[in-house]
Amino acid sequence: GVNLPACQLQVAMGIPLQNIPDIRELYGKNRFEDSPQDESSKIDFDIAERVSPDGHCIAVRITAENAEAGFKPTSGGIQELNFRSTPSVWGYFSMDSSGSIHEFADSQ
């Protein structure tokens, strides 16, 4: 599968999309190439066919910000959360049992 958060970080770091291991695998290429500048290892995303992925990883953050204070982080609470885990889907939550989220939850 494709680890989307890891790919997003690699793109933000300036790594060319065709050099990201998960993307290479998605397009049927070796995850790691000895010479990524070789013409045979490049991916033409306009015409290349993708391999059907068998899974993905996504990350979601819910944060509390104070608009009146320039959108600085603030503490807050979650009133209701309905998440159903399955054998192939799970969640990690940064809150206490009362639903409180401290102001540094986004910085962990």
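**Close-up views of a predicted model**

The structure holds two salt bridges, a salt bridge being a side-chain nitrogen of Lys or Arg within 4 Å of a carboxyl oxygen of Asp or Glu. This is a predicted model, where local features need pLDDT of at least 70, side-chain atom pairs count only at pLDDT 80 or more, and totals for chains, interfaces and linings use all residues. Residues are numbered from 1 along each chain as its sequence is written, and side-chain values use heavy atoms, with hydrogens and water left out.

**View 1. D22, E25 and R31 are linked in a network of salt bridges.** R31 meets the side chain of D22 at 2.9 Å, N to O. With E25, the closest N and O atoms of R31 are 3.1 Å apart. R31 is partly exposed at 30% relative accessible area, while D22 is buried at 12% (buried means under 20% relative accessible area, exposed over 50%, partly exposed in between, with a 1.4 Å probe and protein chains only). E25 is partly exposed at 37%.

**View 2. Meet R24, a buried residue of helix 2.** Helix 2 covers residues 21–26 (helices are DSSP runs of H or I, at least four residues, numbered from the N terminus). The relative accessible area of R24 is 3%. Its side chain reaches the backbone oxygen of Q18 at 2.8 Å.

**View 3. Here is the largest nonpolar core, with seven residues.** They are V2, C7, I20, I23, L26, Y27 and I43; such a core is a set of buried Ala, Val, Leu, Ile, Met, Phe, Trp, Tyr and Cys residues joined through side-chain atoms within 4.5 Å.

Terms used
Helices (H or I, at least four residues) and strands (E, at least two) are DSSP runs, numbered from the N terminus. A polar contact is a pair of N or O atoms within 3.5 Å; within protein, one must be able to donate a hydrogen and the other to accept it, and residues adjacent in sequence count only if both atoms are side-chain atoms.
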